[in-house]
Amino acid sequence: MDPDSVKSTLQNLAFGNVMAAAARNYQKELLANEKAPATSSVNQEVDLDELMDDPELEKLHADRIAALKKEAEKREALKRKGHGEHREITEGDFLGEVTGTEKAICHFYHQEFYRCKIMDKHLKTLASKHVDTKFIKLDAENAPFFVTKLGVKTLPCVIIFRKGVAVDRLVGFQDMGGKDDFSTRALEVVLIKKGIISEKKDEDDEDDGYDEGSRRTVRSSVNLDDSDSD
């Protein structure tokens, strides 16, 4: 046999073996890639099962449920004490209302004063949102003793109480810019700064300015001694 022919044949066989080996490797890679997602999925399922049975996770879940239950019970207890709404009280109820809770806001108002109605509107909205604080209102004309005792001379007057002690107040609309069209949020921010209510997370801020389109403009404050006050 011709030596060159033998050499060529051997080279062809070697090249064929290399190509066959390469083809086998390629097939192995394809099979490995096809199996990989399934294996990953199985591993993921196993991990999730192990996670669900994790005692630490179960404890965290139980603690969260207990905290939510405790908070709900606290809210219900406060509501039984008159929290959660802006309530009308009498002079005879006043001391018991402000001393029977940690935090209270009392609005001294006059039924005919327009600005008192604006203040009531905003306080009513905040009362349902900030259940930790008691919101009440007292007709100044029917509470002469406490009007004198607390030095209430201008209406609306919102007095802030902590454990029955008057610690701060809002007179007229001065803290909200002195205008009638302030928003509930503006009043809320003032009360938060005064420490009588707390900021609520994940709440949409209200911006419900009072509609003044067809109403009269009144003075920035109303004096109790003025008989012609709106």
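Here are legends for a set of close-up views of one protein chain, shown as a predicted model.

**View 1. The whole chain, before we zoom in.**
Let's get our bearings: the protein chain has 6 helices and 7 strands. Starting from the N terminus, the elements come in the order α-α-β-α-β-α-β-α-β-β-β-α-β. Out of 230 residues in the protein chain, 31% count as buried. About 15,000 Å² of the protein chain is exposed, and carbon and sulfur atoms supply 51% of that area. Now look at who touches whom: among contacts in the protein chain with a separation of 6 or more, 72% are between residues 24 or more positions apart. Several of the views below show pairs that link distant parts of the chain.

**View 2. Phe94 and Phe146, an aromatic pair.**
How many aromatic pairs does a search of the whole structure find? The search turns up 5. One of these pairs is Phe94 with Phe146, whose ring centres are 4.5 Å apart. Their planes make an angle of 45°, and the pair is tilted. Phe94 belongs to helix 3 (residues 91-99), while Phe146 belongs to helix 5 (residues 144-149), so this pair links parts of the chain 52 residues apart. Are these two rings buried or exposed? Both Phe94 and Phe146 are buried. Zoom out a little and you can pick out one aromatic cluster made of Phe94, Phe108, Phe145, Phe146 and Phe161.

**View 3. Lys137 and the ring of Tyr109.**
Here a charge meets a ring: the charged end of Lys137 sits over the ring of Tyr109. How far is that charged end from the centre of the ring? The distance is 5.4 Å.

**View 4. Glu97 and Lys134, a salt bridge from helix to strand.**
The structure holds 8 salt bridges, and this view shows the one where the side chains of Glu97 and Lys134 meet, at 2.8 Å from N to O. Glu97 sits in helix 3 and Lys134 in strand 3 (residues 134-139), and the two are 37 residues apart along the chain. Glu97 counts as buried because its relative accessibility, 14%, is under 20%. Lys134 is buried too, with a relative accessible area of 3%.

**View 5. Asp180 and Arg115, a salt bridge from loop to helix.**
Which residue forms a salt bridge with Asp180? The partner is Arg115, and the closest N and O atoms are 2.6 Å apart. You'll find Asp180 in the loop between strand 6 (165-171) and helix 6 (184-193), whereas Arg115 is in helix 4 (residues 114-129). Along the chain they are 65 residues apart. Asp180 is buried, with a relative accessible area of 9%, and Arg115 is buried with 2%.

**View 6. Glu188, Lys129 and their network.**
In this last view, the side chains of Glu188 and Lys129 meet in a salt bridge at 2.9 Å, N to O. The pair links helix 6, home of Glu188, with helix 4, home of Lys129, and the two residues are 59 apart along the chain. Glu188 is buried, with a relative accessible area of 2%. Why does Lys129 count as buried? Lys129 has 15% relative accessibility, which is under the 20% cut-off, so it counts as buried. Which residues are joined into one network by salt bridges that share partners? The network is made up of Lys129, Arg185, Glu188 and Glu199.

Notes:
Residues numbered from 1 in each chain as written. Predicted model: local features only at pLDDT ≥ 70, side-chain atom pairs only at ≥ 80, totals over all residues. Heavy atoms only, no water. Phe/Tyr/Trp six-rings, centres within 6.5 Å; stacked < 30°, edge-to-face > 60°. Helix = DSSP H or I, 4+ residues; strand = E, 2+ residues; numbered from the N terminus. Buried < 20%, exposed > 50% of the residue type's maximum accessible area, 1.4 Å probe, protein only. Lys NZ or Arg CZ within 6 Å of the ring centre and 35° of its normal. Salt bridge = Lys/Arg side-chain N within 4 Å of Asp/Glu carboxyl O. Contact = heavy atoms within 4.5 Å. Areas by Shrake-Rupley, 256 points an atom, 1.4 Å probe, with all protein chains shown as cover.
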